[in-house]
2 protein chains.
Amino acid sequence: MENNNKQKILNAAIILFQDKGYYGTGLNEILRKSDCPKGSLYYYFPNGKEQLALESIEMTKNFVDGMIRRNLEKIDDPAESMKTFVREMAENVYVDNDDLSSFQSNRKISINLIALETSKTNDNIRKACEGAYSTFEKAYFDKLVENGFDDDKAKEVSKTIESLIEGAILMSTVKKDDTYILNVADIIYDLIKKSS
Amino acid sequence: MENNNKQKILNAAIILFQDKGYYGTGLNEILRKSDCPKGSLYYYFPNGKEQLALESIEMTKNFVDGMIRRNLEKIDDPAESMKTFVREMAENVYVDNDDLSSFQSNRKISINLIALETSKTNDNIRKACEGAYSTFEKAYFDKLVENGFDDDKAKEVSKTIESLIEGAILMSTVKKDDTYILNVADIIYDLIKKSS
DNA sequence: GTCTATAGTACGATAGAC
DNA sequence: GTCTATCGTACTATAGAC
């Protein structure tokens, strides 16, 4: 497999950047976790650590976007589907899985740490994070428009939903308490019902 | 002044940890910004970088707690006072002030970055951040109880308020867009009105 | 293409002069 | 108490063998 090493490095980087951050994670640590030599890293990522971060964010963005859309289409009513989707997130908050393969199924995925780290120090990475957040908002936006919301209202509500979710992930991560996510699920339900 | 250097180091550390993070900020950078020699740092903070972070968080906690309480007591109605307070936060989101003295007046203050960085790597610092968030929640809790909320409802609502505010700060920081904060001000208003 | 050895720099921390 | 010089380590990145 030609790019097996590339994927192994990416998988390790995604987990480490998420848990320990961009500046808290060393390239040596990524290589140790992925069991690849340093030569592979600079062969597949000639622009080094920054490129590795950019591709990690891109992959995370696509993965989460798919996950959101798959969940939201399970239930027609937008308020119900959002509430159910957010509540299921709470079940995965405590999953502290280091296994490289399982992060695709039930691992909590978040770019909040690397986004904050680079908001004032690396505008390329910051913009990539901004794009990811906008992609998630677009998934909520599409669900709302499909259900009769006009564009302006859907835009406002989807931005608010994204903000509520990321705040709840932040708090539940730091305080190790999933009630923040459960509370926000209800807030989002009410917000959509009230706006429709 | 005996501990003038200590305060200068703390002020520089608070700003740098906030903007560049715990792992993204070097002690040499803190000393350069504070114009102090390395000897001072280890004299006042014998436990090094971790102690510096713990005292930075403690000082931030007390400063923000006072700011919240001073703002909330300006208006009696809890929903109105929270909404006004949060809306005023939006005005300071873009302030990118490096001046060491002015951060006490109008600088945006947040521990979100260091909290996420240490949530899986340093439990001492993580616990200090957890305590700071709980202190802010207590300020919201007290305002609600003063206005007739029972303890259980006030606890739930104050936790949700804290989560909403931190999420909005996160999003507005990364996307450089203060509408997230303005939207959340309205959500909090509705939440308090609906719960009272 | 794949990998190792290493350069060059910045890090956190300390020893010891004054 | 205050400060400087420096230690040992880890970092990102590169050069060059195979």
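1. A word on terms before the tour: Ala, Val, Leu, Ile, Met, Phe, Trp, Tyr, Cys and Pro count as nonpolar, Asp, Glu, Lys and Arg as charged, and the others, Gly among them, as polar. By that scheme, the surface near DNA strand C divides into five nonpolar, seven polar and three charged residues; "near" means that a heavy atom of the residue lies within 4 Å of the strand.

2. Please keep in mind that this is a predicted model, where local features need pLDDT of at least 70, side-chain atom pairs count only at pLDDT 80 or more, and totals for chains, interfaces and linings use all residues. Residues are numbered from 1 along each chain as its sequence is written, chains are lettered from A and ligands numbered from 1 in the order in which they are written, and side-chain values use heavy atoms, with hydrogens and water left out.

3. Now to the DNA. Strand C is surrounded by 15 residues, and the closest are A:Tyr44, B:Leu27, B:Lys38, B:Tyr42 and B:Lys49. Helix 3 (38-44) of chain A supplies the largest share of this surface, five residues; helices here are DSSP runs (H or I, at least four residues), numbered from the N terminus.

4. For polar contacts (pairs of N or O atoms within 3.5 Å; within protein, one must be able to donate a hydrogen and the other to accept it, and residues adjacent in sequence count only if both atoms are side-chain atoms), B:Lys38 is worth a look. A polar atom of its side chain lies 2.9 Å from a base nitrogen of DNA strand C. The side chain of A:Tyr44 instead has an N or O atom 2.9 Å from a phosphate oxygen of the strand, and for A:Asn5 a polar side-chain atom is 3.5 Å from a phosphate oxygen.

5. Turning to cavities, the whole structure holds three of 30 Å³ or more. A cavity is a set of points, on a 1 Å grid over the protein atoms alone, where a 1.4 Å probe fits but cannot get out, and lining residues have an atom within 4 Å of a point. The largest has a volume of about 220 Å³, the space filled by probe spheres set on the points, which are joined across faces, edges and corners. Its lining has 19 residues, and B:Phe17, B:Gln18, B:Ser110, B:Ile111 and B:Leu113 are the closest to its centre.

6. The second largest cavity contains about 140 Å³ of space. Among its 13 lining residues, A:Gln18, A:Lys108, A:Ser110, A:Thr173 and B:Leu116 are the closest to the centre.

Technical notes:
Helices (H or I, at least four residues) and strands (E, at least two) are DSSP runs, numbered from the N terminus. On a 1 Å grid over the protein atoms alone, a cavity is a set of points where a 1.4 Å probe fits but cannot get out, and a pocket is an open set with protein on both sides within 12 Å along at least five of seven lines; lining residues have an atom within 4 Å of a point.
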